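Visitor: I've got a model open and I'd like to poke at it. Could you walk me through it?

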Amino acid sequence: MRLATFALLALPFAPPAFAQQTELNKISSGTGFVVNNEGHVVTNAHVVKGCQSISILTPKGEEKAELVAGDTGQDLAVLKTRYISPYNAPMRWNISELKVGDGVVVMGYPGQEGSTGNYVFKKTSVISLEGPTGEDRFIQLASVASKGNSGGPVLDGSGNVIAVISGTALTYRADSEGKPTGNAIGRADVAITLEALQDFLRANRINFYETPSGLVAYGDGVLRDNAKNFIVPVRCVQDVVTQ
């Protein structure tokens, strides 16, 4: 057996089912973040795929959301809500200086936290500036994300958005025919690059804020306090299901 390895991209995270509104409606959740003071929220396209209705959970309660732009190929979507955040997600201006080994943060609403509104804050690091098969629209992180983190931002030490969580990549050993064999021997979180996100927003005429500030590292408490204002659970009422 040839012990070559390769990456099998398993995109995207499926949004987790966390509750049932009625006996006929299945609800799932992901994560999103507010990018301007016009109520626009970025998330993954797969988070809001097939939704009968969409909403976000804010500190002021649940707000209805409308899908106004989406790209399944890029796995990006923009929602329009009435929620005006006191602090919008800043996007890093000098993203070209991002490098392997940089410490970053994944913050969002995995698992059942989409229903509680309790965010999860995890530190990780950049392990590759390209996707698992060399794609330039992805970066990879040491794996800390779970189902429900989809659509959430990856933040640097200043709290600036540097990428958007999309899914996970698993690495397997390959047999002589190049087919995966055995259990996965590696795992990484896959995130959509900031450049791809900004191109998507510009193409859809969605305003966003690119920070002019330097890379001053904040403590965890400051990062959490700032980010919790613009990172929100995204709720999707899916197709009717039977029990």
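**Bridges, a disulfide and some buried spots**

Guide: Start with Lys 123, which counts as exposed because its relative accessibility is 53%. Keep in mind that this is a predicted model.

Visitor: Which residue does Lys 123 meet in a salt bridge?
Guide: Lys 123 sits in strand 10 (residues 120-128), and its partner is in helix 3, 97 residues apart. That partner counts as partly exposed, since its relative accessibility is 25%. At 3.1 Å, N to O, the residue meeting Lys 123 is Asp 220.

Visitor: How many salt bridges does a search of the whole structure find?
Guide: The Lys 123 and Asp 220 pair is one of them. Another is Asp 199 with Arg 202, at 3.6 Å between the closest N and O atoms. For the whole structure, the search comes back with 7.

Visitor: How far apart along the chain are Asp 199 and Arg 202?
Guide: Both lie in helix 2, about one turn of the helix apart. Arg 202 is partly exposed, as its relative accessible area is 48%. In residues, the spacing of Asp 199 and Arg 202 is 3.

Visitor: Which residue just after helix 2 takes a positive phi?
Guide: Helix 2 covers residues 194-203, with Leu 197 and Phe 200 among its buried residues. Just after helix 2, phi goes to about 55 degrees at Arg 205.

Visitor: Which residue forms a salt bridge with Glu 62?
Guide: Glu 62 is in strand 6 (residues 61-71) and its partner is in strand 16, so the pair ties together parts 173 residues apart in sequence. Glu 62 counts as partly exposed because its relative accessibility is 47%. The partner's 14% is under the 20% cut-off, so it counts as buried. With the closest N and O atoms 3.3 Å apart, the partner is Arg 235.

Visitor: Which cysteine is joined to Cys 51 by a disulfide?
Guide: The count here comes to 1 disulfide. Cys 51 is in the loop between strand 4 (40-43) and strand 5, while the other cysteine is in strand 16 (residues 231-240), 185 residues apart. That second cysteine is buried, given a relative accessible area of 1%. The S to S distance is 2.0 Å, and the cysteine joined to Cys 51 is Cys 236.

Visitor: Is that link left-handed or right-handed?
Guide: Look at the angle about the S-S bond between Cys 51 and Cys 236, which is -115 degrees. With that angle, the link is left-handed.

Visitor: What separates the C-alpha atoms of Ser 53 and Val 237?
Guide: Ser 53 is in strand 5, and it is partly exposed, since its relative accessible area is 36%. Leaving aside neighbours within four places in sequence, Ser 53 is in contact with Arg 235, Cys 236 and Val 237. Ser 53 and Val 237 are 184 residues apart along the chain, but their C-alpha atoms are separated by 5.3 Å.

Visitor: Is Thr 58 buried or exposed?
Guide: Thr 58 lies in strand 5 (residues 53-58). Its side chain reaches the backbone nitrogen of Lys 60 at 3.0 Å and the backbone oxygen of Gly 61 at 2.8 Å. Because its relative accessible area is 8%, Thr 58 is buried.

Visitor: What is the area of the nonpolar surface patch made by Val 216, Tyr 218 and Val 222?
Guide: Tyr 218 is in the loop between strand 15 (209-211) and helix 3 (220-227). Tyr 218 is partly exposed, as its relative accessible area is 39%. Together with Val 216 and Val 222, Tyr 218 makes a patch of about 260 Å².

Definitions and conventions: Residues are numbered from 1 along each chain as its sequence is written. This is a predicted model: local features need pLDDT of at least 70, side-chain atom pairs count only at pLDDT 80 or more; totals for chains, interfaces and linings use all residues. Side-chain values use heavy atoms; hydrogens and water are left out. Helices (H or I, at least four residues) and strands (E, at least two) are DSSP runs, numbered from the N terminus. Buried means under 20% relative accessible area, exposed over 50%, partly exposed in between (1.4 Å probe, protein chains only). A polar contact is a pair of N or O atoms within 3.5 Å; within protein, one must be able to donate a hydrogen and the other to accept it, and residues adjacent in sequence count only if both atoms are side-chain atoms. Patches are made of residues with over 30% relative accessible area and no salt bridge: like charges are joined within 9 Å, nonpolar side chains (Val, Leu, Ile, Met, Phe, Trp, Tyr) within 5 Å. Accessible areas come from the Shrake-Rupley method with a 1.4 Å probe; for residues, only the protein chains shown count as cover. A salt bridge is a side-chain nitrogen of Lys or Arg within 4 Å of a carboxyl oxygen of Asp or Glu. Contact means heavy atoms within 4.5 Å. A disulfide is a pair of cysteine sulfur atoms within 2.5 Å.
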